[in-house]
Amino acid sequence: MKILVSNDDGVNALGIKVLNDELAKFAQTLVIAPDRNCSGASNSLTLLNPLRAETLANGFVSVNGTPTDAVHLGISQIFDGQPDLVVAGINNGANLGDDVLYSGTVAAATEGRHMGLPAVAVSLVGKEQNNYQTAAIVAAKFIQRLKQHPLPSDQIININVPDLPLEQLKGIKVTRLGNRHKAETMRKMSDPWKRDIYWYGTLGNELDCGEGTDFQAIANGFASVTPLTIDMTAYSSMQQMTDWMSELSL
């Protein structure tokens, strides 16, 4: 098995090293990731500047671009042959509910899917970030099962693992995305020269965190595995919209 490994925390992040070490036990891996932290980059591309790739002393490839850039470049130019799978992570923090819209980790996996490959995103949920190995083991076990159970072509897998020692993990649950209340508004502050600066507020509290959600699984000590579809069409609205659109005159 050949796996392209990427992330949004940067090529030197601990999470990507731990993940790669675990996957390399059963697969040929290539790590290619941004040269800096790109958290919140979503699916952004670098279009107006050239991309440069540098192979580091440990064999990892550093790219002066976004997570999406790294995966695209890795698949199209750098990987020796075609990888079988793209794995993104291990993210330093949760990618639950609405987070997936902003996440560079999920975006890296999505780019793999856009390029025709099955893809998995992995995140460690907690403030201390002490148990990357737990998340790596969960991801590796899941990935090995994909050989017998391939992903549908329009889906990626979003895995979140609570920051617990492996022996304290209660299991793995298949979940749906929950969602949060809106985030706090931006904060206005001053820099040392009394100029205005702005910071995003903290994440909103959980709004939909009930039965079956990724939030609930994590809160109860389970790893969460959520299949995500790439097709964002709101099918439930199509007929209603068709009906009222028929009354429009141009």
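The dialogue below goes through a sheet, a helix packed on it and a pocket in a predicted model.

Me: In what order do the strands of the open sheet run, and how are they paired?

Reply: A sheet is read by walking across it from strand to strand. Here the open sheet has 9 strands in the order β3-β4-β2-β1-β5-β6-β7-β13-β8, and its pairing is mixed. The twist from one strand to the next averages 25°.

Me: Which strands stand at the edges, and why is one side of each left without a neighbour?

Reply: An edge is recognised by counting partners. β3 (53-55) and β8 (171-174) each have a single partner strand, so one side of each has no neighbour in the sheet. For β8, the pairing with β13 is parallel and extends over 4 bridges, and I172 stands opposite A223 of β13.

Me: How is β5 paired, and over how many bridges with β6?

Reply: Each pairing is read through its sense and its bridges. β5 pairs with strand β6 (residues 119-125) in the parallel sense over 5 bridges, V86 having A119 in β6 as its bridge partner. With β1, β5 also pairs in the parallel sense, over 4 bridges, and there V87 in β5 is the bridge partner of V5.

Me: How many residues of β5 are buried?

Reply: Burial is judged by relative accessible area, with under 20% counting as buried. Of the 8 residues of β5, 7 are buried, so this strand is largely enclosed by the rest of the structure.

Me: Which strands does helix α2 touch as it packs on the sheet?

Reply: For a helix on a sheet, one reads the contacts and then the direction. Helix α2 (residues 67-78) touches β1 (2-6), β2 (28-34), β3, β4 (61-63) and β5 (85-92), and its direction makes about 140° with that of β2. The buried residues of α2 are P67, T68, D69, A70, V71, L73, G74 and I75; these pack against β1, β2, β3, β4 and β5, and also against α3.

Me: What volume does the second largest pocket have, and which residues lie nearest its centre?

Reply: Rolling a probe the size of a water molecule over the atoms shows where empty space is left. The second largest pocket has a volume of about 370 Å³, and of the 15 residues that line it, V100, L101, T229, I230 and M232 lie nearest its centre. The elements giving two or more residues to this lining are α3 (104-114) and β13 (222-229).

Me: How do the residues of that lining divide into nonpolar, polar and charged?

Reply: The lining of the second largest pocket comprises 9 nonpolar, 5 polar and 1 charged.

Notes:
Residues numbered from 1 in each chain as written. Predicted model: local features only at pLDDT ≥ 70, side-chain atom pairs only at ≥ 80, totals over all residues. Heavy atoms only, no water. 1 Å grid on protein atoms, 1.4 Å probe; cavity = no way out; pocket = protein on both sides within 12 Å on 5 of 7 lines; lining within 4 Å. Points joined across faces, edges and corners; volume = space filled by probe spheres on them. Nonpolar A, V, L, I, M, F, W, Y, C, P; charged D, E, K, R; others polar. Pairing = 2+ DSSP bridges. Axes fitted to C-alpha atoms, helices over the stretch in contact; angles between N-to-C directions. Contact = heavy atoms within 4.5 Å. Buried < 20%, exposed > 50% of the residue type's maximum accessible area, 1.4 Å probe, protein only.
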